[in-house]
Amino acid sequence: MDSVNLIEKKIARVADLLEQISDVDRMIAIHDAGIMKSQYSRRRNQFLNELKVLLGELNIQPKDLIAA
C-alpha cells in the first residue's frame, strides 16, 4: 500500500470519527442521565482517543488545533 493511499484512508477514518462523535453527542443530549448517557459518553471517549491517535499519525497534535 503506498503512502498516499494510507494517508487517504486515515483522513477518511478521521472524517468518519468526527461524524460518529457528532452522532453520539446528539444521543448524549437526548439522555440527560443514567446508564444510556454513561454508555454514550464512554463511546465518545473511545472515538476521541482513536481520533487523537490518528491525528498523531498525521503529525497533528491537539495543541495544533487550538486557535491562536
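Q: What makes the pair Glu57 and Lys10 a salt bridge?
A: In this predicted model, the closest N and O atoms of Glu57 and Lys10 are 3.2 Å apart. A salt bridge asks for a side-chain nitrogen of Lys or Arg within 4 Å of a carboxyl oxygen of Asp or Glu, so the pair qualifies. The bridge links distant parts of the chain, with Glu57 in helix H2 and Lys10 in helix H1, 47 residues apart.

Q: Why is Lys10 called buried?
A: Its relative accessibility is 17%. Buried means under 20%, so Lys10 counts as buried.

Q: Why is Glu57 called partly exposed?
A: Glu57 has a relative accessible area of 46%. Partly exposed covers the range between under 20% and over 50%, so that label fits Glu57.

Q: How do you know that Glu57 and Ile11 are apart in sequence, and what is their distance in space?
A: Counting along the chain, 46 residues separate Glu57 and Ile11, while their C-alpha atoms are 10 Å apart.

Q: What makes Glu50 and Arg13 a salt bridge?
A: Their side chains meet at 2.8 Å, N to O. The cut-off is 4 Å, so this pair passes too. Here Glu50 sits in helix H2 and Arg13 in helix H1, 37 residues apart. Arg13 also belongs to a network of salt bridges with Asp16 and Glu50.

Q: Why are Glu50 and Arg13 called partly exposed?
A: Glu50 has a relative accessible area of 30%, and Arg13 has 26%. Neither value is under 20% or over 50%, so both residues are partly exposed.

Q: What makes Asp25 and Arg44 a salt bridge, and which helices does the pair tie together?
A: The N to O distance between their side chains is 2.4 Å, and the limit is 4 Å, so the pair counts. Asp25 lies in helix H1 and Arg44 in helix H2, so the bridge ties together parts 19 residues apart in sequence. The structure holds five salt bridges.

Q: Which residues make up the largest nonpolar core, and which helices supply them?
A: The core has ten residues: Val14, Leu17, Ile21, Val24, Ile28, Tyr40, Phe47, Leu51, Leu54 and Leu55. Helix H1 (3-30) and helix H2 (35-57) each supply at least two residues of this core. In soluble globular proteins, nonpolar side chains tend to be buried together.

Q: What does Leu17 touch, leaving out residues up to four places away in sequence?
A: Leu17 touches Phe47, Glu50, Leu51 and Leu54.

Notes. Residues numbered from 1 in each chain as written. Predicted model: local features only at pLDDT ≥ 70, side-chain atom pairs only at ≥ 80, totals over all residues. Heavy atoms only, no water. Core = buried A, V, L, I, M, F, W, Y, C linked by side-chain atoms within 4.5 Å. Buried < 20%, exposed > 50% of the residue type's maximum accessible area, 1.4 Å probe, protein only. Helix = DSSP H or I, 4+ residues; strand = E, 2+ residues; numbered from the N terminus. Contact = heavy atoms within 4.5 Å.
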